[in-house]
Amino acid sequence: MSPEVTSPSSTVDPILLDIVEGAVEATIVEIESYVDRTARSTVVREQHDFRAAVFDKETRLLSRVSFVAEIQVLKDKFAGRIHEGDVFIYNSVYTNMFEAPYGRYTGIQHLGDVCVVEPVFYRGELVAFVQCFGHVQDVGGTVVGSLPWHTPDDGQTIFHEGIQIPIIKLYERGELNWSVLELILTNSRFPKELKGDIDAFVFALKKAARRIIELCERYGPEAVQTCFFALIDRCARAIRQDILPQIPNGTYTFEDFADGDGIIDIPGQDKWSGDEPLKIRCRLSKRGEKLTVDFTGTSPQCLGSLNLAGDERFYKKYFGSLLRLYAPEVVINEGVCDVVEVILPRGTFLSPNFPASVGNRWVPMVTLITAYMGCLMQATEGNTPAAFNFAIVAGYWWENEEGYLSFMREIWGNGSGARPYADGTDTVDMVPESKNIPIEFMESAYPILLTKRALGVDSGGPGKYRGGLGYFEEWVFLAGGHFQIGSGCERIPPWGAMGGKPGRGVKFVLNPGTDLEEHLYHYVDNVKVKKGDVLHIYGAGGGGWGDPLERDPLMVQRDVIQGKVSPESARADYGVVLRNPAWEIDDRGTMTLREKLRKERPPLRMFDRGEQALELFRRFNIRLEPGTY
Amino acid sequence: MSFRVGIDTGGTFVDVVAVSDRGELHSLKTPTTPADPSVGVGEALEKTLRLLHIRPSEINSIFHGTTIATNTLLQHSFGRERLGLVVTQGCRYILEIARQTVPGAFGNMVIWEKPERLVYLENVREIRERRNYRGEVLTPLDEGDVREAAREFKARGIQQIAVSLLHSYVNPAHEGRVRDLIQEVYPQSSVSISSEILPEYREYERTLTTLLDVALRPTMSTYAERLEQCLKTSGVGAPVSYMKSNGGVGTLAELKQSPVSAVLSGPAAGVLAGAFVAGLAGFRNVITMDMGGTSTDICLVEDGRPFITTEGKVDIYPLKIPMVDVISIGAGGGSVAWLGAGNSLRVGPRSAGSHPGPACYGRGGVEPTVTDAHLFLGRLPQTLLGGEVILDRERAATAIGELATRMGVKPEAAAEGIIEIANYNMVGGIRKVSVERGRDPGDYYLVAFGGAGPLHAGHLIEILRIRGAIIPPLPGTTSALGLLVTDLRGDWVQTLIARQDRIDVRAVSGVYGELERRAWDHLGREGVPPERRRVVRFADLRYVGQGYEVRVEVEAGEITPAFVQTMIERFHRAHDLAYGYCDRNDMVELVNLRVQGIGLVDRPTFKQLPMGDLTPGKAALKGSRSVYLGREQGFQRCPVYVRDELMGGNRLEGPAVIEQYDSTVFVPPGQQVRVDPYGNLILERIER
């Protein structure tokens, strides 16, 4: 951190401050709209897995938290050698490994994210940095698409995941270093697409840098710089004054789990019973104007690809982005680091050591959120939404008719957790502005026939408010090739809250109902598929909130009519008796059944993780914090 | 004499502009009648006849802009319970799933609730049928399924039915048959099929557009009929055309047939007007800015033509039909200033509207608005609209003073801040329509109109470093003028996906031939004589792997390999212009072919102002008042001019205020105004 220049905000023109803040945010919007339109990778342009950021010249983040944004390492490495017209590129996660004792993290967390940074100069002086990184299609490694889950089966390292580009200059004083670009492109299975994506990032940043320069032209670089510092101050103040008072003082502990890493930890067992879940232990303390998050007790780094290479500064910003929910209009920037404290032992799967594998770090990223929500659930005595799981990632590759390797990637959202006041939302992706691939696009671009894209009946966790539903899809492969799928929460579904039940976990079945039927584990890398093979994808639903027996029978009836809840679940989970064929509510029958169910069931709990998960925890001797299961 | 009349129905007023065949321009306003907007149109027409002393037969054409379609969507008053949807088996949940998108920032998934879908899930029916992307039948249409669905719709009174089947953009036969079957079973139903409304791939967006079309149909048909009726009552026999979202006009018959084409009818008129006025003043490249009470509509005009998009949105609904690429910013005269977290100053998007209105209206509003800030700083007079609205400076001062105290600044700094923040909101919108399209706003003039636009033009010139602004003669009724200067316009599209090395010239030729034939016939049906029909081709292309296309105009004439070469080259150039780079070694892909049919309409001619001296005449100078000119200069006495007394060729330097019936112009220091022969004010920086 660079505290060398701080400026008391009283000397700052408050109106200019708002103008500068608006201009910084507009710059982000602008970069994103360019990248949306010009990028090639579907993960970038449809699933919106890319982020832009603006930093001050001291590398402090000014724009809305892009949680991975971090360029301190770049600045340290190139001190005195940053010139106008330079463009930096990197995707490496670990850097400076030749330094004792551990080296550092660059801030980029898996190799698929190619990051471009441009310094912004005004009249020869460095005034800011702009950054854009996005998830490209392929940077090499053992599996097409560069997101291997765990090949080989006994574990992997970052070396299986693709080329590592250290922080280097792609352009030096405006001149493209073609050798650097060629070296990078040569290590991708899809060099043309990668070039298209890198071009998209570089040119979007060039346009965006103009905005910062214009600010300096209009208000003078000193005034703009002063505003930059004050923006960070103001964020910290807003968190202290407007957000923290909403969280009750106290210490709350919750553990949530990533559903294993795909590596069998108990020899002789299959993956469903032998893959040990990974625990995030989150201890949240709120005392006055300080929020502390302590990860002591979190599982050690794993052999699979679920390690998340984050340092304290990253976790501060990551939690900061969640604080925004308490005051949506606050721009959360680097200022959050002054308010949030993070305790993070080294060598956990949230702080892995080189060369741990990190490709699928998004799984613990979701788990972090639900662990945090579990703490808040206790802090607010239930006034917090139930859990969810945000995505399923698939890859499919085949040889096209011209003999070239071709690739498709889809990312599905899932159902969100029920809220204390409303049902969860069906099929949504955590990444804002993410889109699925239209069936008509999919079928015209890839050898796939998508015969069903639907909501998964009964996937939402029952509750007074029901969890959002996940997808159900049916695919027919029209060309032989390979398939990969990965997701959290097959064995450990999103928990329900305040009497609500967990959502249904994911499930993937190849050739269902045939002799070749195969239930795929939720992390698989190189599944061979033939022309005509059928795949069923069951997405995850969100957890329910509140007692399902208190759900309005009319809402249960509507869910049944709409095909979101089966009549069987209406009866068994909600105690609602419906009469065929018009699904009329049997009032007397419902009352009697609800009374009966109420008597027979165990007392309601704040958290319901599901019997399947509890059984798994028992098998691995995992003890949970009392009152959280 | 004969008159062409433009009638623009807005949120509070019906604006009328009438132009005689001698080029005299008249304008007037009557109140909107929200219960039945056609009544307001009738009243406006009556008033026009009365005030201008003209006979109904002297009106030879009427052009109409309306926000009724937009409002029907915004207020969700289209009768959701009467809407039905027929889809291919496997797609029942198409609206629920949509594109799985959560708007806003990271973390919103936890709290965001999906708005109610356009059609209740109970009213979505799957039928057995399926084609692949080449249009080949995989599963034949099950007519029994269709009949059963139709019977069910009939039994439940679901009368407006959209049909959207997978890959129907390649082969519409199943959809056509489904419509016939539904209407056979249920003759009272009204059916829109997606292959007619929008034969483009991406099923969710196509389905939604089709649904909006059928949802708007009853409202728009009734409206069109009432409109015809009230014209008949007034004895006006002239044909009526309505403004379409694409910046052209169409007949009322087309409005009934394709109501979705009217969703941006209102804003489109403003854009066309801005483009036209600028053209008269000699400017071909402009950004139009129509600033009203609650919002500002912004659009880029290049070479006299407004930008058109097919990625528009109305409310929460993406709409893929061609529309003027107008962006609406929540910044208007009534936008409310408030303090957000950390005491940051925010302006809008909430507006005080006309009730309670800005604090200075004295109708119970206490929150400071943009209008209050202008009044407090001396830029607005004490009365508006010729005395109809009286402004109370004390109330404005109280509202602003309170805000200033909370911010710890002087009241005039707070007022200036409100205006600056509103300006920056508008700058954001102007950047969106220019910079995001690869255009530098510095190359454009601004056309500032709407009641509040001329107050902000001067500041925007400074912030954006643009060259100047054009302020039309009647800023408050400029939109209505736009209705009179528009051609008939229709759009036809067909998806034809092919990589550049696999483009089949015969297929391209066939599609263009068919689209051109449809355009030609349509213009014929609209009564355009052949010599006034124009047909223009466009193509949407992208680099293989991109998800968005870039549209280019392509040549007329025979489709040859050379034609394809030229088309590809135009794409590279357009990509370079828009995004700053292109790659001629990269593979390009054709996605859509488009044709626009234009029926040329005569432009009215406008009378010029009498020419005066360089210095405005004595009658033009009304007096002076104290106006705030920024932190350094503070309040200074500034001259106040009467716009109606200015003559062609007059010049005046800022600081100054120019007042007129429906608007006020503020000329900041360092800028000057000249009056052009058509009465436009050209506001520019003084280069020293």
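**Entry 1: ground rules**

Helices (H or I, at least four residues) and strands (E, at least two) in these notes are DSSP runs, numbered from the N terminus. I am working from a predicted model, where local features need pLDDT of at least 70 and side-chain atom pairs count only at pLDDT 80 or more, while totals for chains, interfaces and linings use all residues. Residues are numbered from 1 along each chain as its sequence is written, chains are lettered from A and ligands numbered from 1 in the order in which they are written, and side-chain values use heavy atoms, with hydrogens and water left out.

**Entry 2: where B meets A**

I looked at the interface to begin with. On the chain B side, 81 residues are in contact (heavy atoms within 4.5 Å) with 87 residues of chain A. The two chains bury about 7,300 Å² between them, and 53% of that is on carbon and sulfur atoms. Buried area here is the accessible area (1.4 Å probe) that two parts lose on being put together, summed over both.

Which three residues of chain B supply more of the area it buries against chain A than any other three? I found Gln100(B), Phe106(B) and Met109(B), with 14% of it.

Next I looked up charges. I count 13 salt bridges between chain B and chain A, taking a side-chain nitrogen of Lys or Arg within 4 Å of a carboxyl oxygen of Asp or Glu. One of them pairs Asp583(B) with Lys195(A), with the closest N and O atoms 3.2 Å apart. Polar contacts across the interface come to 41 residue pairs, both partners at pLDDT 80 or more. A polar contact is a pair of N or O atoms within 3.5 Å; within protein, one must be able to donate a hydrogen and the other to accept it, and residues adjacent in sequence count only if both atoms are side-chain atoms.

Among the elements that give two or more residues to the side of chain B that touches chain A, I noted helix H3 (94-97), helix H7 (203-234), strand S22 (345-351) and strand S27 (488-499). The biggest giver is H12(B), with 7 residues. That side of chain B holds 37 nonpolar, 19 polar and 25 charged residues. In this count Ala, Val, Leu, Ile, Met, Phe, Trp, Tyr, Cys and Pro are nonpolar, Asp, Glu, Lys and Arg are charged, and the others, Gly among them, are polar.

**Entry 3: a pocket with both chains in its lining**

I then turned to the second largest pocket, which has a volume of about 1,800 Å³. On a 1 Å grid over the protein atoms alone, a pocket is an open set of points with protein on both sides within 12 Å along at least five of seven lines, a cavity is a set where a 1.4 Å probe fits but cannot get out, and lining residues have an atom within 4 Å of a point. Points are joined across faces, edges and corners, and a volume is the space filled by probe spheres set on them.

I get 50 lining residues for this pocket, with Ser444(A), Ala445(A), Arg499(B), Arg502(B) and Glu589(B) nearest its centre. The elements of chain A that give two or more residues include helix H5 (191-219), helix H10 (439-445) and strand S15 (448-455). The largest share, 6 residues, comes from S27(B). By class, the lining splits into 25 nonpolar, 10 polar and 15 charged residues.

**Entry 4: cavities**

I find 7 cavities of 30 Å³ or more. The largest holds about 340 Å³. Its lining has 23 residues, and Asp49(A), Arg361(A), Trp362(A), Phe390(A) and Val431(A) are the closest to its centre. Strand S1 (50-56), strand S6 (125-135), helix H9 (362-379) and S14 of chain A each give two or more. I sorted this lining into 15 nonpolar, 3 polar and 5 charged residues.

The second largest cavity has about 130 Å³. Of its 17 lining residues, Asp256(A), Phe257(A), Thr370(A), Asn389(A) and Ile492(A) sit closest to the centre. Strand S9 (250-258) and H9 of chain A each supply at least two, and H9(A) has the largest share, with 4. The classes here are 11 nonpolar, 4 polar and 2 charged.

**Entry 5: backbone oddities and one more salt bridge**

I noted a cis peptide bond between Gly348(B) and Pro349(B), omega about 0°, with Pro349(B) in strand S22. Another cis bond runs from Gly654(B) to Pro655(B), omega near 5°; Pro655(B) is in the loop between strand S33 (651-653) and strand S34 (656-660) of chain B. In chain A, Thr427(A) has a positive phi near 40° without being glycine, and this residue lies in the loop between S14 and H10.

Over all chains I count 89 salt bridges. Among them is Arg240(A) with Glu289(A), at 3.7 Å from N to O. Where do the two partners lie? Arg240(A) is in helix H6 (residues 221-243), Glu289(A) in the loop between strand S10 (278-287) and strand S11 (290-294), and the two are 49 residues apart.
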